[in-house]
Amino acid sequence: AKIERAEFQKVSYINIITQIRNDNQQWLYRSNWVEKSLSNDETLTNKKVLILSSDDEFSRTLVSTLKQSNFIATVHISSEYRSVDQFEYYVNPEEQAHFIALLNDLAENNAFPEYIINAWPLIETNDATLSERYASHALLNLTQSLVKRQSELKQLSILTRNSQLVGREGKVDPHGSAVWGLAKVIASEQF
C-alpha cells in the first residue's frame, strides 16, 4: 500500500471517548410515524392481489375483506409447491423455484398480481430459524423471482409486528427489523 499523506495527533483516552459519544448520535435514528390517508388511486378495488397469508385471525380477516372487491390469490407455507386452484397456492419460503412456479401459474391463469401483500413476517413462532425463513428468505426469493420474470408490480407491501420500538416499552422482533432492512435495499435497487 502506498500512503501519500498521514497526520498523527496525540489524544487522550478521555478525548477519544468523548468523540465517540458525540459521533454516536449520528448512528441512531428515530422513526417519525405520520398518518396518511389513502387517495382513490391507492385503494385496492378490482385489483389482482397476491397475499402471502399466515393462518392467523388478522390474515383471514385481510383476505376476507379484500376478496369482496378484488381477485385474491393466497399463498401458504408448505414444504412442497402445490397449486390447489387459481386462488390458492403452497410454497416453501426457502425455494426460489417455488416462487417462480407460483408466478408462472398465476400468469397462465391470467391472475398475475398487481399488488403483493406479504403477511408471513406476522407469523409468531419461538423458533428463530422459522421466523427467518418466513420473513427474510421468503421476501428475498419472491423479489428475485419477480426480477427473473422481469415483472412489473405496482406495490409490494410487507406487514410486520414489533419490528420497531414504539414508545418506551415493548419488545422488538429482530426478524421483523431485518425484513425492514431488506425491504429498504429492495426499494433502492433499480430493477
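**Exercise 1.** Which residue in E5 does Leu50 stand opposite? Find it in this predicted model, and then establish how strand E1 is joined to its two neighbours.

*Solution.* Begin with the pair itself: Leu50 stands opposite Ile116 in E5. Next, widen the view to the strands, where four bridges join E1 to strand E5 (residues 115–118), the two running parallel. Then turn to strand E2 (residues 71–77), which is joined to E1 by five bridges and likewise runs parallel to E1; here Lys48 has Phe71 of E2 as its bridge partner. Finally, follow the chain from E1 through helix H2 (residues 57–67) to E2, a β-α-β crossover that is right-handed.

**Exercise 2.** Explain why strand E1 is largely enclosed by the rest of the structure.

*Solution.* Consider the residues of E1 (48–52), counting as buried those under 20% relative accessible area. Four of the five are buried, so the strand is largely enclosed by the rest of the structure.

**Exercise 3.** Determine the strand order of the sheet, its edges and the helices that pack on it.

*Solution.* First, trace the six strands, which form an open sheet of mixed pairing in the order E3-E4-E2-E1-E5-E6. Its edge strands, each pairing on one side only, are E3 (82–85) and E6 (155–158), and neighbouring strands are turned by 15° against each other on average, direction ignored. Second, examine the antiparallel pair: three bridges join E3 to E4 (residues 88–91), with Arg82 opposite Tyr90. Third, place the helices: H2 packs on the sheet, touching E1, E2 and E5, with its direction at about 160° to that of E2, whereas H3 (residues 96–108) lies across E1, E2, E3 and E4 and runs at about 165° to E4.

How values were computed:
Residues numbered from 1 in each chain as written. Predicted model: local features only at pLDDT ≥ 70, side-chain atom pairs only at ≥ 80, totals over all residues. Heavy atoms only, no water. Buried < 20%, exposed > 50% of the residue type's maximum accessible area, 1.4 Å probe, protein only. Pairing = 2+ DSSP bridges. Right-handed = clockwise from strand over helix to strand, strands pointing away. Axes fitted to C-alpha atoms, helices over the stretch in contact; angles between N-to-C directions. Contact = heavy atoms within 4.5 Å.
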